[in-house]
Amino acid sequence: MAQHVETQALAVMPAWTGVRSLQSILPSQDRLVLHAGPPFRDAQELPAAIRNSVLIGILYEGWATSKQEAQALLEAGGVQLAPAQDYGVVVPLAGVATPSMCLIEVSDSNRPENKKYSVFNEGMQWCTRLGIFADEMVPHLRWLHQDLGARLAAQFQGPVELAPIVQASLLNGDDGHARTLHASRQLADIIVSWGINDAASQTFLHGAMAWALNYWMAASALILAYQTPADGANAIVKVGGNGLRFGLQLAGSTSWLVTDAPVIAGNKEPGHEQANALGALGDSAVVDFVGLGGQCLDLASLSARNLQAFLPSDYLTRQSLFLKTRLPFLAGRPGITDFAQVMASNTGPLVLLGMIDGAGERGRVGGGVATVDASLLQALKEWHNETTVV
């Protein structure tokens with residue numbers, strides 16, 4: 001039985017199969033705002049950057065007409081905050097998903113009924129993932145979802161198999177997380193070929209250098225979700241950070257194991273050296289736990305050079321200690337992080353992440369790496385044991 005389940009997990013071949021609104025896949029949910037990583041205890045503990053994104057989401061949906069009204073609605077419990085992965089969705093960094101936003105649908109080509117969703121990459125400036133509040137945000141989101149997104153949904157000509165794109169991108173310098181330039185260009189060219197070729201759309205798509213990341217997030221979430229307890233008692237099916245805490249969920253469980261979010265070690269950009277960055281943040285950790293990102297630095301030499309001062313000495317080979325399978329999606333490269341092997345070897349994924357200003361004023365202030373090791377996973381279990389009522 002275990003071998004059968006493992007074979008199913010290995011056989012996952014993600015494909016882009018459409019564009020859907022969050023409302024269409026969760027029609028019974030009202031005033032829902034999805035965020036990255038494990039749950040927050042309440043709205044009061046939201047970091048300023050994530051609070052900004054939640055407020056932008058409220059304004060975008062028209063649940064409030066001013067920042068003050070949105071703040072009052074949030075504080076009164078007028079919106080439901082929830083981890084995106086608990087609803088089959090992934091969002092990056094400080095980003096949010098709200099009902100009328102468009103989502104990328106990624107399905108398993110071998111079993112199309114199995115799907116995961118990701119928000120659109122919002123470009124490089126007016127992005128909820130950056131945790132900023134600006135007047136330009138809501139108009140940009142309206143264009144992205146109600147104009148570009150609506151046309152993408154109507155003119156979609158997929159399915160688009162994602163394995164050839166990710167494999168070609170790795171051979172052209174991408175790492176699949178911090179750097180996705182080659183794949184983003186490929187996907188932009190596909191979209192333009194469907195007739196979405198007006199100047200505004202082309203300028204945006206060819207300037208959205210991380211456009212592909214959101215596809216790899218949904219694909220990775222799909223692969224992780226195929227694991228069951230038969231793959232091992234500690235098979236990891238969800239993972240991410242909310243800036244305060246880092247968490248994961250194991251197969252067969254409905255609760256998150258959480259601990260303090262690890263610090264992101266890396267370079268801050270000029271002018272932002274004194275900014276206080278949030279801890280590990282975003283659902284994009286799923287790509288690193290499937291073998292992309294920090295596990296592809298043997299191919300992505302530019303990413304490795306940029307982070308050289310913050311990488312362990314074994315960054316080129318360490319993945320063999322904790323990646324338990326060879327994935328067809330990655331052309332046979334090792335993938336899927338094994339909890340037990342991280343504990344046994346004290347070696348785990350290098351998660352490549354942007355640094356987001358915790359004050360919610362500067363957006364992205366740098367980039368770096370968070371290291372998962374045995375002590376972090378042990379802290380997850382200890383936190384869970386201490387907070388579980390017996």
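Let us begin with the five-stranded sheet of this predicted model. Its 5 strands form an open sheet in the order 4-7-6-1-8, and the pairing is mixed. At the edges stand strand 4, residues 89–90, and strand 8, residues 160–161, each of which pairs on one side only.

I shall go through the pairings, starting from strand 4. Strand 4 runs parallel to strand 7, residues 111–119, and 2 bridges join them. Within that pairing, Val90 has Ser118 of strand 7 as its bridge partner. Strand 7 is also joined to strand 6, in this case by 6 bridges and in the antiparallel sense. Which residue of strand 7 is the bridge partner of Ile104? The partner is Ser118, the residue just named as the bridge partner of Val90. Strands 6 and 7 are connected by a hairpin of 2 residues.

At the other edge, strand 1, residues 14–21, and strand 8 run antiparallel and are joined by 2 bridges. Ala15 stands opposite Glu161 of strand 8 there. Helix 5 packs on this sheet, where it touches strand 1 and strand 6, residues 102–108. The direction of helix 5 makes about 130° with that of strand 1.

The loop between helix 5 and strand 8 deserves a remark, for Pro159 is found in it. The peptide bond joining Gly158 and Pro159 is cis, with omega about 10°.

Helix 5 also has a helical partner. How do the axes of helix 5 and helix 8 cross? Helix 5 spans residues 137–155 and helix 8 residues 199–207; their axes come within 12 Å and cross at roughly 105°. That angle makes helix 5 roughly perpendicular to helix 8. On the side of helix 5, the contact involves His140, Trp143, Leu144, Leu148 and Arg151. Helix 8 contributes Ala200, Ser201, Phe204 and Leu205. By class, the residues of this contact divide into 6 nonpolar, 2 polar and 1 charged.

I turn now to another sheet. Here 4 strands form an open sheet in the order 11-10-9-13, with antiparallel pairing. Strand 11, residues 257–260, and strand 13, residues 281–282, each have a single partner strand, so one side of each is left without a neighbour in the sheet. Strand 10, residues 245–250, pairs with strand 11 in the antiparallel sense over 4 bridges. In that pairing Arg245 stands opposite Asp260 of strand 11.

One backbone feature lies elsewhere, in strand 15, residues 334–337, which contains Ile336. Phi of Ile336 is near 70°, a positive value in a residue other than glycine.

As for the protein as a whole, it has 13 helices and 17 strands. The radius of gyration is 19 Å, close to the 21 Å that the globule rule gives for 390 residues, so the protein is as compact as a globular protein of that length. Along the principal axes, the C-alpha atoms fill a box of roughly 55 × 50 × 45 Å.

Finally, a word on confidence. The pLDDT of the protein averages 93, and 96% of the residues score at least 70. Where does the pLDDT fall below 50? That is the case over residues 1–7, a stretch with 8 contacts in the model beyond near neighbours in sequence.

Note on methods:
Residues are numbered from 1 along each chain as its sequence is written. This is a predicted model: local features need pLDDT of at least 70, side-chain atom pairs count only at pLDDT 80 or more; totals for chains, interfaces and linings use all residues. Side-chain values use heavy atoms; hydrogens and water are left out. pLDDT is the predictor's confidence in each residue, from 0 to 100. Contact means heavy atoms within 4.5 Å. Axes are lines fitted to C-alpha atoms, for helices over the stretch in contact, and angles run from 0 to 180 degrees between N-to-C directions. Angles under 35 degrees count as roughly parallel, over 145 as roughly antiparallel, 65 to 115 as roughly perpendicular and the rest as oblique. Ala, Val, Leu, Ile, Met, Phe, Trp, Tyr, Cys and Pro count as nonpolar, Asp, Glu, Lys and Arg as charged, and the others, Gly among them, as polar. Two strands pair if DSSP finds at least two bridges between them. The radius of gyration is taken over C-alpha atoms; the globule rule is 2.2 Å times the number of residues to the power 0.38.
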